[in-house]
Amino acid sequence: MAVLRSLAAVRAAPGLWWLAARASLGLLGPLGPCPGRGYSVDTAQSPPTFGFLLDIDGVLVRGHRVIPAALEAFRRLVNAHGQLRVPVVFVTNAGNILQHSKAQELSALLGFKVEPDQVILSHSPMKLFSQYHNKRMLVSGQGPLVENARVLGFENVVTVDELRMAFPVLDMVDLQRRPKTTVPLPRNDFPAIEGVLLLGEPVRWETSLQLIMDVLLSNGNPGTGLATAPYPHLPVLASNMDLLWMAEAKMPRFGHGTFLLCLETIYRKVTGKELRYEGLMGKPSVLTYQYAEDLIRQQAERRGWVAPIQKLYAIGDNPMSDVYGANLFHKYLQMAKHDGAEERGADGLWKWRPSATQSCASILVCTGVYNPKGPEPTRPAQDAEEAPFHGHRDFSFSPGLMEASHIVNDVNEAVQLVFHKEGWPL
């Protein structure tokens with residue numbers, strides 16, 4: 001039942017039809033070679049029937065430093081022509097960067113040309129939520145916020161800073177930013193906000209928390225006050241549920257999941273009700289893995305690999321996002337295979353064509369959040385029942401989903417393990 005609840009928690013918004021969305025993005029149907037990429041069939045090796053889903057932070061890099069094992073791993077993954085021997089997609093819960101910028105960053109660090117369509121950011125699946133793309137959305141995060149939102153398809157966005165400038169009396173925590181002059185008159189020329197888009201952790205949490213709450217409690221009109229907060233509230237789409245992530249520091253850092261936890265707690269305390277999401281994206285969401293599977297398939301077709309990709313190996317450092325997500329997707333694949341991929345909810349998320357993928361194995365590395373020799377919270381407690389659950393509220397705690405198929409030291413060992421299992425030369 002815990003698995004079923006977790007699958008239900010990652011449903012897309014009502015009215016999102018998986019087949020139609022994938023067709024609109026060109027994810028259905030046979031694909032020919034992609035011009036200008038120089039893809040060719042590697043005749044020296046039989047076509048692969050497996051692919052890799054690689055996490056980035058804590059697996060390939062720590063902050064801005066590449067992990068040496070990652071360079072060794074790519075010496076095995078790339079052939080003499082500088083091409084990948086098997087399909088690889090980079091699946092990160094980062095979101096405060098543009099997709100092509102992340103690809104350039106990885107290319108420079110790994111010494112291998114990474115294409116933008118090999119990178120999945122936490123919010124990439126928001127492209128499928130077309131029913132919200134023409135709505136006026138408040139967007140929270142940092143970096144190239146507006147550009148990222150527009151790449152995803154959102155045509156009319158308002159940033160937290162723009163909202164703060166329009167209503168300066170809303171942001172009152174920082175004494176230095178409070179209005180120094182006469183309180184401005186209420187505005188009635190500011191169009192109502194129709195939803196909230198949470199793309200990543202912001203810089204000033206107190207400002208974002210306050211203004212997001214103002215929008216939700218006022219039904220999108222933060223310059224006014226309502227006697228009763230509307231419920232259900234305006235639609236909220238969020239990506240990246242990681243409570244923690246690993247950078248250069250010895251201990252994990254707060255992630256966007258911590259910001260979401262703050263927002264959920266404040267909303268529940270103020271209203272007595274639960275904050276609801278129309279969509280939660282990023283690992284461990286099943287939707288993110290479906291999206292990654294499609295990119296793996298497209299990559300194989302571009303290379304002319306005719307054998308279907310039947311196995312996925314997800315390599316990560318975070319038991320909650322990487323291991324839980326891969327195992328949850330594996331459970332979904334088994335259920336879909338057994339039940340014929342029938343629809344599992346009124347929203348139609350599960351209405352996707354039968355998949356050739358049969359399994360998704362989770363491989364946990366010890367170079368990031370998970371550290372078997374480190375202090376809590378970098379390693380789980382001896383008794384899984386007593387370990388703190390770092391997952392999102394909407395994902396049920398299931399000890400089985402937290403158990404990796406394999407635990408290895410680093411990504412190079414992970415690649416060697418997979419090649420050995422698949423009978424491929426190192």
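Is Arg164 buried or exposed?

**Before you start.** You're working with a predicted model, where local features need pLDDT of at least 70, side-chain atom pairs count only at pLDDT 80 or more, and totals for chains, interfaces and linings use all residues. Residues are numbered from 1 along each chain as its sequence is written, and side-chain values use heavy atoms, with hydrogens and water left out.

**Exercise 1.** Settle the opening question, then find the salt-bridge partner of Arg164 and classify that residue too.

*Solution.*
- Step 1: Get the cut-offs straight: buried is under 20% relative accessible area, exposed is over 50%, and partly exposed is in between (1.4 Å probe, protein chains only).
- Step 2: Arg164 has 16% relative accessibility, so it counts as buried.
- Step 3: Now look for a salt bridge, meaning a side-chain nitrogen of Lys or Arg within 4 Å of a carboxyl oxygen of Asp or Glu. Arg164 makes one with Asp171, at 3.9 Å from N to O.
- Step 4: Asp171 comes out at 2% relative accessibility, so Asp171 is buried as well.

**Exercise 2.** Work out which parts of the chain the pair Asp322 and Lys283 ties together.

*Solution.*
- Step 1: Check the pair: the side chains of Lys283 and Asp322 form a salt bridge of 2.7 Å, N to O.
- Step 2: Place both residues, with helices (H or I, at least four residues) and strands (E, at least two) taken as DSSP runs numbered from the N terminus. Asp322 sits in helix 10 (residues 319-339), while Lys283 is in the loop between strand 12 (279-281) and helix 9 (286-302), so the salt bridge links parts 39 residues apart in sequence.
- Step 3: Add the accessibility: Asp322 is buried at 6%, and Lys283 is buried at 3%.

**Exercise 3.** Describe the salt bridge between Arg393 and Asp394, and name the network that includes them.

*Solution.*
- Step 1: The closest N and O atoms of Arg393 and Asp394 are 2.7 Å apart.
- Step 2: Arg393 is partly exposed, at 33% relative accessibility, and Asp394 is partly exposed too, at 23%.
- Step 3: Salt bridges with shared partners connect Arg393 and Asp394 with Arg268 and Glu274 in one network.

**Exercise 4.** Zoom out: how many salt bridges does the whole structure have, and what share of the chain is buried?

*Solution.*
- Step 1: A search of the whole structure turns up 14 salt bridges.
- Step 2: The chain has 426 residues, and 54% of them are buried.
- Step 3: For the overall fold, count eleven helices and 15 strands.
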